[in-house]
Amino acid sequence: MSRDWIKSFFREEIFTPGSPEANAAAADEVRFLWKALRLKKGSRVLDVACGTGRHALRLARRGADVTGMDITTAYLRDARRAAKSVPGVRFIRGDMRRLPYKAEFDAAINLWTSFGYFEDPTDDLRTLRAVARALKPGGLFLIDLINYEAAKNSGLTKNWIRRDDGAYVLEEMLFVGGWDPKTVNEWTVLRPGKPALRSRFVVRGYDQARLHKILRQARLTPLKTWSSMGPDNRPPGSAGSRLVVLSRKT
């Protein structure tokens, strides 16, 4: 994953992890995380690719001790600003493949398809091994991804979204199969009175079997799989469903 690509997509004008829609969903998602990860006051949680910190901040308000890591300086700036009145949370900049921790956390999370962007598939395994290393023995890890097979089978290749700031976003997707399936994405952002913005990015495709396999390779044993983190969570399989997998450090 090149630095140029990080700068072209992970910027607030293109992708906004702190959008009103994302923040509205975060309350239900954190309730789900608290129960699924068996958290309690004082639990140490690592949020890998934390974005603007919408989950980390809510977990900290419930009493967890949270460390959020992200690669994007602008997102971290927003997270730190919001964290000034929230004890028990800190945000650091770093690469998820090189987590500087060993057996420190009770739980870790990686949410909203913040995984699979590296060109080399071995970097995905490096990331999961780094997460496992950061967990205490028996620690829990929850990852949330788009279900590649469900997305491909839905037949949806274009999608328009209207953002709260008045911009329209055209998402175009091309599904590439083979031994290393991927989704090639191109986003076009149309803002009133401003030039159009475009960003192209590639995400590695995971279905349930493939995700479970790479988790096991990282010594993370899958325990349970759902289709969402919201109140309608259920076993995966429906078109458009996500992959939410809970695993334990072996």
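Two strands are said to pair if DSSP finds at least two bridges between them, and I begin with that rule because strands of a sheet pair through backbone hydrogen bonds, either parallel or antiparallel. Helices (H or I, at least four residues) and strands (E, at least two) are DSSP runs, numbered from the N terminus.

Before we go further, a word on what you are looking at. This is a predicted model, in which local features need pLDDT of at least 70 and side-chain atom pairs count only at pLDDT 80 or more, whereas totals for chains, interfaces and linings use all residues. Residues are numbered from 1 along each chain as its sequence is written, and side-chain values use heavy atoms, with hydrogens and water left out.

Let me start with the whole chain, which has seven helices and 11 strands. Of its 250 residues, 52% count as buried, where buried means under 20% relative accessible area, exposed means over 50%, and partly exposed lies in between, with a 1.4 Å probe and protein chains only. If we take contacts between residues at least 6 apart in sequence, 63% of them join residues at least 24 apart, a contact being heavy atoms within 4.5 Å.

Now to the sheets. An open sheet of four strands has the order 6-7-8-9, and its pairing is antiparallel. Its edge strands, each pairing on one side only, are strand 6 (158-162) and strand 9 (197-204). Within this sheet, neighbouring strands are turned by 20° against each other on average, with direction ignored; axes here are lines fitted to C-alpha atoms, for helices over the stretch in contact, and angles run from 0 to 180 degrees between N-to-C directions. Strand 6 and strand 7 (residues 168-176) run antiparallel and are joined by five bridges, and you can find one pair of partners by looking at N159, whose bridge partner in strand 7 is E171.

The other sheet that I want to show is also open, with seven strands in the order 3-2-1-4-5-11-10, and here the pairing is mixed. At its edges, pairing on one side only, are strand 3 (89-93) and strand 10 (220-226). Strand 2 (residues 65-70) and strand 3 run parallel, with five bridges between them, and M69 stands opposite I92 in strand 3. Helix 3 (residues 54-61) packs on this sheet, where it touches strand 1 (44-48), strand 2, strand 3 and strand 4 (105-110), and its direction makes about 155° with that of strand 3. Helix 7 packs on the sheet as well, touching strand 5 (135-146), strand 10 and strand 11 (242-249), with a direction at about 155° to that of strand 10.

How many residues of helix 3 are buried? Six of its eight residues are, so the helix is mostly covered, and the buried ones are R54, H55, A56, L57, L59 and A60. These residues pack against helix 2 (20-36) and helix 4 (73-82), as well as strand 1, strand 2, strand 3 and strand 4. After helix 3 comes G63, whose phi is positive, near 115°.

Next, consider how two helices meet. The axes of helix 5 (residues 122-134) and helix 7 (residues 208-217) come within 9 Å and cross at roughly 55°. Helix 5 and helix 7 are therefore oblique to each other, since angles under 35 degrees count as roughly parallel, over 145 as roughly antiparallel, 65 to 115 as roughly perpendicular and the rest as oblique. In this contact, D124, L125, L128 and R129 in helix 5 meet I214, L215 and Q217 in helix 7.

I214, in helix 7, deserves a further look, and it counts as buried at 9% relative accessibility. Not counting residues up to four places away in sequence, I214 touches D124, L125, L128 and Y206. The C-alpha atoms of I214 and R129 are separated by 9.7 Å, although these residues are 85 apart along the chain.

Finally, some single residues. N110 lies in strand 4 and is buried, with a relative accessible area of 3%. Leaving aside neighbours within four places in sequence, its contacts include V48, A49, M96 and F115.

Most residues other than glycine have a negative phi. A49, which is not a glycine, nevertheless has a positive phi of about 65°, and A49 sits in the loop between strand 1 and helix 3. For T113, in the loop between strand 4 and helix 5, phi is near 50°, again a positive value in a residue other than glycine, and T113 is buried, with a relative accessible area of 11%.
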